[in-house]
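Visitor: I would like to take a close look at a single part of this protein, and I would be glad if you set that part in its surroundings as you go. Please show me the sequence and the structure before we begin.

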Amino acid sequence: MTTPQLDEISTKGLKSWRNLNAVIGVLNEDQVSKMMAHEMTVGQRDTFITRLHQRFTALRTARERAEMLLGK
């Protein structure tokens, strides 16, 4: 599995738990997905993977709900 290329804010977020909590609210679904993939291959910190997955599912749910309500 190759490690996805991360942007600046994603890289900053993975430096520490404090940084992750500072940026997680402004990340989009794609950024969170790439961060999860990166953490699963490089960092392997369970708490980071769990938090990123929680955020990813919240973003995905919001997107899917909006799509359903718009009739897509």
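Does Asp30 count as buried, partly exposed or exposed, and what is its relative accessibility?

Guide: Asp30 counts as partly exposed, because its relative accessibility is 46%, and partly exposed covers the range between the 20% limit for buried residues and the 50% limit for exposed ones. Please keep in mind throughout that this is a predicted model.

The side chain of Asp30 meets that of Lys34 in a salt bridge, with 3.3 Å from N to O. Both residues belong to helix H3, and because they are four residues apart there, about one helical turn separates them. Lys34 is likewise partly exposed, at 33% relative accessibility. As a general point, side chains of opposite charge can pair when their charged atoms come close.

The pair of Asp30 and Lys34 belongs to a wider picture, for the structure holds four salt bridges. Another of them joins Glu29 to Arg63, whose closest N and O atoms are 2.8 Å apart. Here the partners come from distant parts of the chain, since Glu29 sits in helix H3 and Arg63 in helix H4, with their positions 34 residues apart. Arg63 is partly exposed, with a relative accessible area of 33%, and together with Glu29 and Glu67 it takes part in a network of salt bridges.

A further salt bridge brings together the side chains of Arg45 and Glu39, at 2.7 Å from N to O. The two partners differ in their cover: Arg45 is partly exposed at 29% relative accessibility, whereas Glu39 counts as buried at 1%. Glu39 is also in contact with Leu52, a residue that, leaving aside neighbours within four places in sequence, touches Leu14, Leu20, Ile24, Val32, Met35 and Met36 as well.

Leu52 leads us to the interior, where the largest nonpolar core has 13 residues, and where Leu14, Leu20, Ile24, Leu27, Val32, Met35 and Leu52 touch the most other members. Helix H2 (17-23), helix H3 (29-43) and helix H4 (46-69) each supply at least two residues of this core, and the largest share, four residues, comes from H4. Helix H3 therefore holds the salt bridge of Asp30 and Lys34 and also contributes to the nonpolar core.

Helix H3 also includes Gly43, which counts as partly exposed at 33% relative accessibility. The C-alpha atom of Gly43 is separated by 17 Å from that of Ile24, a residue 19 positions away along the chain.

Stepping back to the protein as a whole, its secondary structure comes to four helices and zero strands, and the elements run α-α-α-α from the N terminus on. The C-alpha trace spans about 40 × 30 × 20 Å along its principal axes, and 31% of the 72 residues count as buried. Among contacts with a separation of 6 or more, 59% are between residues 24 or more positions apart. The protein exposes about 4900 Å², of which carbon and sulfur atoms supply 53%. As for charge, there are 11 positive and 8 negative charges, and their mean positions lie 5 Å apart.

Methods. Residues are numbered from 1 along each chain as its sequence is written. This is a predicted model: local features need pLDDT of at least 70, side-chain atom pairs count only at pLDDT 80 or more; totals for chains, interfaces and linings use all residues. Side-chain values use heavy atoms; hydrogens and water are left out. A nonpolar core is a set of buried Ala, Val, Leu, Ile, Met, Phe, Trp, Tyr and Cys residues joined through side-chain atoms within 4.5 Å. Buried means under 20% relative accessible area, exposed over 50%, partly exposed in between (1.4 Å probe, protein chains only). Contact means heavy atoms within 4.5 Å. Accessible areas come from the Shrake-Rupley method with a 1.4 Å probe; for residues, only the protein chains shown count as cover. Lys and Arg count as positive and Asp and Glu as negative; His and the chain ends are not counted. The place of a charge is taken as NZ of Lys, CZ of Arg, CG of Asp or CD of Glu.
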